[in-house]
Amino acid sequence: MNYKSLQGHSAIFTANIIFGLGVPVTKLLLDDWVTPMGYMASRSVGAAVIFWLISCFLPKEKIERRDLMTIIVCGLLGFVISQTLTAWALDYTTPVYYSLIAALTPIAVMLMAALFINERITGKGVIGVALGIGGALLMLFMGWQGGGTGKNDLLGIILTILSLLTWAVYLIATRKVSQKYSPVAQMKWIFLVSALVTVPWAFITEPTQTLYSPAWAWSGVMEMAFIIVFATVLGYFMIPYAMKRLQATTVSIYTNLQPVVASLIAIAIGQDLLTWDKPVAAVMVLLGAYIVTMRSGKH
């Protein structure tokens, strides 16, 4: 492994540890302090301000008009749509179910690559997909039976799957522009446009946010600060940084860290219970993702 690859692996490893921690923290925010759209608006504005401030101290980087449109459109898909679906999902289901579905990212990337760029799916890929989908179906069945601890696990899991698919398309669609421009150059535009979309939406549909009322508390402020500074700015900085050095499928395999971190924290702080289906689904999903990634790594 050369130094450039090592930088990429280190960045995406750190990003997914942060994202894993961000899942139970997001659940805390949604339970106590903000609505899903209030959460999205806060992330967008905070990240936009930070990235534009950082860009003031860096050399100016000119982005071609066509690439800027790609960055903006894909950013709306990969952040506004995907992360709004995530916020809604976590409002309905538990961090463990959410993070286990998120571990299907390598499978979703492979399927989207086959659909959009005609990448061939091998026999091993089919096995990996079957295992991953089997794990997802187990979680869907448990949600339908009311076996989970969320207020509507079935709906939450479906929203998570939709979030996952939009994120997979984002990873594939931004692969080329990620090679050409710095992470800050990309992220400052993504979050500026995201703020312009989410702030009016949040103000019109959900104007009351406990975090921004007289009932606020420092615990809520610290939780939101973690989401903005670490799970948004640092995490989204590291994704294009890693994609500049690694293949999209390699980047996606690190998503498997998220359910491990998120599940351990969520169960430890009482957000979820360890039931029989979760470790079974975890084995199926993670094994399926591993098979898909190993298959992709040979190309």
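The following paragraphs go through the fold, the salt bridges, one buried alanine and the aromatic contacts of this predicted model.

Because the model is predicted, local features need pLDDT of at least 70 and side-chain atom pairs count only at pLDDT 80 or more, while totals for chains, interfaces and linings use all residues. Residues are numbered from 1 along each chain as its sequence is written, and side-chain values use heavy atoms, with hydrogens and water left out.

The protein chain has 13 helices and 0 strands; helices (H or I, at least four residues) and strands (E, at least two) are DSSP runs, numbered from the N terminus. Along the sequence the pattern is therefore α-α-α-α-α-α-α-α-α-α-α-α-α. Of its 299 residues, 55% count as buried, where buried means under 20% relative accessible area, exposed over 50%, and partly exposed in between (1.4 Å probe, protein chains only). The accessible surface of the chain comes to about 13,500 Å², and 71% of this belongs to carbon and sulfur atoms; areas come from the Shrake-Rupley method with a 1.4 Å probe, and for residues only the protein chains shown count as cover. Contact means heavy atoms within 4.5 Å. Among contacts between residues at least 6 apart in sequence, 90% join residues at least 24 apart.

A search of the whole structure gives 3 salt bridges, each a side-chain nitrogen of Lys or Arg within 4 Å of a carboxyl oxygen of Asp or Glu. One of them joins Glu-64 to Lys-180, with an N to O distance of 3.8 Å. This pair links distant parts of the chain: Glu-64 lies in the loop between helix H2 (36-55) and helix H3 (65-92), and Lys-180 lies in helix H8 (residues 175-180), 116 residues apart. Glu-64 has a relative accessible area of 47% and is partly exposed. Lys-180, at 42%, is also partly exposed.

Lys-180 also forms a salt bridge with Asp-67, at 2.6 Å from N to O. Here the link runs between helix H8, which holds Lys-180, and helix H3, which holds Asp-67, with the two positions 113 residues apart in numbering. Asp-67 is buried, at 10% relative accessibility. Glu-64, Asp-67 and Lys-180 are thus linked in a network of salt bridges.

Another salt bridge is formed by Asp-91 and Lys-151, whose closest N and O atoms are 3.5 Å apart. Asp-91 belongs to helix H3, whereas Lys-151 is in the loop between helix H6 (123-145) and helix H7 (153-173); the two are 60 residues apart and in distant parts of the chain. The accessibility of the partners falls in separate classes: Asp-91 is buried at 17%, and Lys-151 is exposed at 60%.

Ala-41 is placed in helix H2 and is buried, with a relative accessibility of 10%. Its C-alpha atom is separated by 6.1 Å from that of Ala-195, although these residues are 154 apart along the chain. Leaving aside residues up to four places away in sequence, Ala-41 touches Thr-198, Val-199 and Ala-202.

The structure holds 8 aromatic pairs. Rings of Phe, Tyr and Trp (its six-membered ring) pair if their centres lie within 6.5 Å; planes under 30 degrees apart count as stacked, over 60 as edge-to-face and the rest as tilted. Among the pairs is that of Trp-88 and Trp-201, which is edge-to-face, with 6.2 Å centre to centre and 85° between the planes. Trp-88 is in helix H3 and Trp-201 in helix H9 (residues 183-205), so the pair links distant parts of the chain, 113 residues apart. Both residues count as partly exposed, Trp-88 at 28% and Trp-201 at 33%.

Trp-167 and Tyr-170 make a stacked pair, because their ring centres are 4.9 Å apart and their planes are at 25°. The two residues are 3 apart in helix H7, which means a separation of about one helical turn. Trp-167 is buried at 15%, as is Tyr-170 at 4%. Elsewhere, Phe-51, Phe-79 and Phe-191 form one aromatic cluster.

Charged groups also meet rings. A charge sits over a ring if NZ of Lys or CZ of Arg is within 6 Å of the ring centre and within 35 degrees of the ring normal. The charged end of Lys-188 is placed over the ring of Trp-52, 4.5 Å from its centre. That of Arg-245 sits over the ring of Tyr-241, at 3.7 Å from the centre.
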